[in-house]
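Let's take a walk through this one together. Have the sequence and the 3D view handy, and we'll stop at a few spots along the way.

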Amino acid sequence: MIPPFRPSLGAAEWRALLGRQTGAVERFERAFAARFGATEGVAFGYGRSALSGFLQAVGVEEAEVVMPAYTCSVVAHAIVHSGNRPVFVDLCGADFNMDLERLPQAIGPKTRAVVATHLFGYPLDLERLELIVSEAQARFGHRIWLIQDCAHAFGARWKGRLVGTCGDVALYGLNISKTMTSIFGGMLTFHDARLAAQVRSWRDAHLRAAGWVKSLSRRAYLAAAGVAFTGPVYGLTRWLQDETPLLDRLTRSYHLDDDVALPPDAFDRMVDVEGAVGLAQLERYPEIVERRRAHAAFYARVLSSTPKRVLPPIVDGATYSHYVVRVADRRACIQRLAREGIQLGELIQYCVADLPAYRGGAPTPEASVAATCTVNLPVQPHLSPAQLERIAERFAAATA
Ligand SMILES: *Cc1c(COP(=O)(O)O)cnc(C)c1O
């Protein structure tokens with residue numbers, strides 16, 4: 001069975017699971033910042049904790065934080081957790097990103113931050129984004145923090161410029177479903193040393209040090225995931241997940257779309273073994289992205305858009321965290337491919353603004369529609385040419 005995603009782990013990651021790795025988190029912070037165009041990195045236990053932590057550290061509370069309607073729900077949960085309220089912007093057209101035309105109207109007198117997400121690795125127009133936020137600051141006469149959500153867009157570039165170089169801070173999530181991983185973990189990067197120091201000292205005062213039990217369980221988790229997502233074992237993983245409650249604890253506590261809570265260990269620090277795995281992944285990163293780009297380009301070459309499927313665009317500087325196609329009948333398409341040994345993802349299968357916890361704001365119709373019709377084709381680095389051919393051919397047949 002071909003899984004919808006698979007962490008790209010090599011000998012260096014397996015070696016990282018074995019040693020003591022003292023100081024690896026600090027080394028990972030420095031190397032990560034340097035790789036993605038920033039000067040400082042501040043690591044957290046999850047991306048969502050990093051977002052909540054940032055808002056708390058800079059004193060944003062009881063305010064509105066503008067974010068896309070179509071993104072990962074944990075972003076909204078983190079905003080609520082920090083004592084603020086999310087305000088949603090609809091997406092626009094082909095690349096699934098928040099519509100920058102509609103962003104200015106979403107920013108109001110209570111807005112203190114904007115989360116700009118480069119969804120599925122598609123870079124937003126950075127210049128326009130900076131202009132919109134600086135105009136809003138001038139209009140309302142107070143600071144509006146510009147947060148780049150790069151959880152899908154490690155190293156993505158807009159007109160040659162790294163996405164994380166825009167705004168005040170960039171946010172990354174590093175769990176095993178992301179383009180690169182540190183087992184779990186989140187990272188903030190900065191180019192302002194004073195701001196970085198402020199957030200770091202908030203973190204050091206508020207996060208708990210995790211003990212050896214956690215360090216051990218993180219190692220076990222990555223080892224298990226490394227095996228669970230390999231072709232021969234993945235069928236069993238899928239079966240355990242669909243037919244038994246055995247994996248619920250792993251997947252549920254990590255992510256319940258509609259449960260506005262962060263995991264119990266959200267404010268534990270990143271552990272050293274995670275830093276060590278992250279360092280190994282950084283080395284592999286150029287190759288990971290290059291292969292994802294090649295796989296997306298392959299699908300774009302051999303498939304075409306039809307009334308039953310709309311392919312995503314190929315964009316300069318995009319990183320393709322997911323290759324997301326809109327299809328006429330998602331359920332049927334996923335089931336048919338599953339019978340043929342290919343598991344499609346269905347990211348993102350909800351619109352955050354429509355979840356019961358967040359309903360009631362302005363409607364975001366395009367995001368609501370996208371939530372009903374997306375599937376993603378595997379683009380992980382491991383795929384062989386023969387597998388890619390097979391996926392494309394079966395998908396074309398299922399959506400003919
Ligand atoms: C995964 C993700 C996050 C947060 O990462 P976690 O480490 O899972 O909390 C933030 N934004 C987007 C768009 C994501 O996909």
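The lining of the largest cavity in this predicted model is a mix of 11 nonpolar, seven polar and three charged residues. The space inside comes to about 230 Å³. If you want to find the middle of it, look for Gly 47, Val 74, Ala 151, Gly 173 and Lys 178, which are the closest to the centre among the 21 lining residues. Three elements each supply at least two residues of that lining: helix α3 (47-57), helix α4 (73-81) and strand β8 (169-173).

How do you spot a hole like that? Rolling a probe the size of a water molecule over the atoms shows where empty space is left. Here, the count comes to three cavities of 30 Å³ or more. The second largest holds about 100 Å³ of space. It has 16 lining residues, and nearest its centre lie Arg 6, Pro 7, Lys 178, Thr 179 and Arg 292. Lys 178 is a name you've already met, as one of the residues closest to the centre of the largest cavity. Sorted by class, the second lining has six nonpolar, seven polar and three charged residues.

Now move over to the helices. Helix α8 covers residues 212-228, and its 17 residues reach 24 Å from first C-alpha to last, close to the 24 Å expected at 1.5 Å a residue. Several of its residues are buried, including Lys 214, Tyr 221, Ala 225, Gly 226 and Ala 228.

Which helix does α8 pack against, and at what angle? The partner is α11 (residues 272-302), and the two meet at about 35 degrees with their axes 8 Å apart. From α8, the contact uses Ser 215, Arg 218, Arg 219 and Leu 222, while α11 brings Val 273, Glu 274 and Val 277. By class, that contact has three nonpolar residues, one polar and three charged. Look back at the α8 side, and you'll find that Ser 215, Arg 218, Arg 219 and Leu 222 are buried.

For a sense of distance, try Leu 216 and Glu 127. They sit 89 residues apart in sequence and 44 Å apart in space, going from C-alpha to C-alpha. Glu 127 belongs to helix α6 (residues 126-140), and it counts as exposed because its relative accessibility is 53%, over the 50% cut-off.

The last stops are about the backbone. As a rule of thumb, most residues other than glycine have a negative phi, and most peptide bonds are trans. Glu 62, in the loop between α3 and β2 (64-68), has a positive phi, near 50 degrees. Phe 120 also has a positive value, near 55 degrees, and you'll find Phe 120 in the loop between β4 (111-117) and α6.

Are these two loop residues buried or exposed? Glu 62 has 72% relative accessibility, so it counts as exposed. Phe 120 comes in at 0%, so it counts as buried.

One more backbone stop remains: the peptide bond from Leu 347 to Ile 348 is cis, with omega near -15 degrees. To get there, follow the chain to the loop between α12 (330-339) and α13 (365-373), where Ile 348 lies.

Terms used: Residues numbered from 1 in each chain as written. Predicted model: local features only at pLDDT ≥ 70, side-chain atom pairs only at ≥ 80, totals over all residues. Heavy atoms only, no water. Axes fitted to C-alpha atoms, helices over the stretch in contact; angles between N-to-C directions. Helix = DSSP H or I, 4+ residues; strand = E, 2+ residues; numbered from the N terminus. Contact = heavy atoms within 4.5 Å. Nonpolar A, V, L, I, M, F, W, Y, C, P; charged D, E, K, R; others polar. 1 Å grid on protein atoms, 1.4 Å probe; cavity = no way out; pocket = protein on both sides within 12 Å on 5 of 7 lines; lining within 4 Å. Points joined across faces, edges and corners; volume = space filled by probe spheres on them. Buried < 20%, exposed > 50% of the residue type's maximum accessible area, 1.4 Å probe, protein only. Expected span 1.5 Å × (residues − 1).
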